[in-house]
Amino acid sequence: DLKNNNFKDIKFLLKRDIYNQGLSNKLEQFYDNKIDFKIVLLPGFKMISFDKNDKTLGLESIIEIKELNSNPRIYELDEIDLIMLEELSRPINYFNLIEKMKEYFEDEDRESESDFLTLLNGRLINYTILKIISIYN
C-alpha cells in the first residue's frame, strides 16, 4: 500500500498505526547514515485553516489527525509546516525534499544551514510520530 500510494483499505488506520510503530527510530538511523528514503504523506488527517483576520484562536492552520480508538489529535501548523506539507503532497525522496526546502529558505551561512537541516529533520520525526507521513527505502 505504501509503495503504491494506495490507502483505500478500510483498515487503513490500524495498518498505519502498526507500520509507523518505531518509525522515528528508523528515520534517525537514515539521518545518521546519510541514507536516502522515500517519504509518503498519509491520509487520515485534515487541514483546517482559519481566517487570518480572526485572531480569537491565535491560530492560522491546524491539522486534525484521525485516531483508531480515540478522539482526533490536533497539531498546530506554522509556515514551515505548511510548506513541507505542500512539498510532501506527492511522494518524494528525502534528499530531494531537503533541496526543495533550501530553495524556500536560502542562507549562505553553513551554521544556519546545519540548524535548518536539524529543524527539518525534527519536523519529519514529529510527522512520523503524528502518523501523517511514512517512510521506506
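In which helix is the place of G122? G122 is found in helix α5, where helices (DSSP runs of H or I, at least four residues) and strands (DSSP runs of E, at least two) are numbered from the N terminus. The structure is a predicted model, in which local features need pLDDT of at least 70 and side-chain atom pairs count only at pLDDT 80 or more, whereas totals for chains, interfaces and linings use all residues. Residues are numbered from 1 along each chain as its sequence is written, and side-chain values use heavy atoms, with hydrogens and water left out.

The protein chain contains 5 helices and 6 strands, which follow one another along the sequence in the pattern α-α-β-β-β-β-α-β-α-α-β. Of its 137 residues, 39% are buried, the classes being buried for under 20% relative accessible area, exposed for over 50% and partly exposed in between, with a 1.4 Å probe and protein chains only. The accessible surface comes to about 8700 Å², and 48% of that surface belongs to carbon and sulfur atoms; the areas were obtained by the Shrake-Rupley method with a 1.4 Å probe, and for residues only the protein chains shown count as cover. Among contacts (heavy atoms within 4.5 Å) with a separation of 6 or more, 62% are accounted for by residues 24 or more positions apart.

Two residue pairs illustrate how positions distant in sequence are placed in space. G122, which is partly exposed with a relative accessible area of 29%, is separated from S24 by 98 residues in sequence and by 9.8 Å in space, C-alpha to C-alpha. N25, a residue of helix α2, is exposed at a relative accessible area of 52%, and its C-alpha atom is 8.6 Å from that of I125, the two residues being 100 apart in sequence.

A search of the whole structure gives 7 salt bridges, a salt bridge being a side-chain nitrogen of Lys or Arg within 4 Å of a carboxyl oxygen of Asp or Glu. One of them pairs K46 with E64, with 3.7 Å between the closest N and O atoms; K46 belongs to strand β2 (residues 45–49) and E64 to strand β3 (residues 61–65), so that the pair links distant parts of the chain, 18 residues apart. K46 counts as partly exposed at 47% relative accessibility, and E64 likewise counts as partly exposed, at 23%.

A further salt bridge joins K131 and E67, whose closest N and O atoms are 3.0 Å apart. Because K131 lies in the loop between α5 (110–130) and β6 (133–136), and E67 in the loop between β3 and β4 (73–77), this pair ties together parts that are 64 residues apart in sequence. Both residues are buried, K131 having a relative accessibility of 14%. The side chains of K131 and E67 are also joined by a polar contact of 3.0 Å, the term denoting a pair of N or O atoms within 3.5 Å, of which, within protein, one must be able to donate a hydrogen and the other to accept it, while residues adjacent in sequence count only if both atoms are side-chain atoms. When neighbours within four places in sequence are left aside, K131 is in contact with R16, D17, N20, L42, E67 and R73.

The side chains of D81 and R123 form another salt bridge, with an N to O distance of 3.0 Å. As D81 lies in helix α3 (residues 79–87) and R123 in helix α5, the pair ties together parts that are 42 residues apart in sequence. D81 and R123 are both buried. Elsewhere, E67, R73 and K131 are joined into one network by salt bridges that share partners.

In helix α3, the buried residues are I80, D81, I83, M84, L85 and E87. The N-terminal end of α3 is capped by D78, a side-chain oxygen of which lies 3.1 Å from the backbone nitrogen of I80.

The largest pocket holds about 250 Å³ of space. On a 1 Å grid over the protein atoms alone, a pocket is an open set of points where a 1.4 Å probe fits, with protein on both sides within 12 Å along at least five of seven lines, and lining residues have an atom within 4 Å of a point. The lining consists of F30, Y31, K34, I35, Y94, F95, I98, E99, K102, E113, L117 and N121. The elements contributing two or more residues to this lining are α2 (23–32), α4 (94–104) and α5, of which α4 gives the most, with 5 residues.

Conventions. Points joined across faces, edges and corners; volume = space filled by probe spheres on them.
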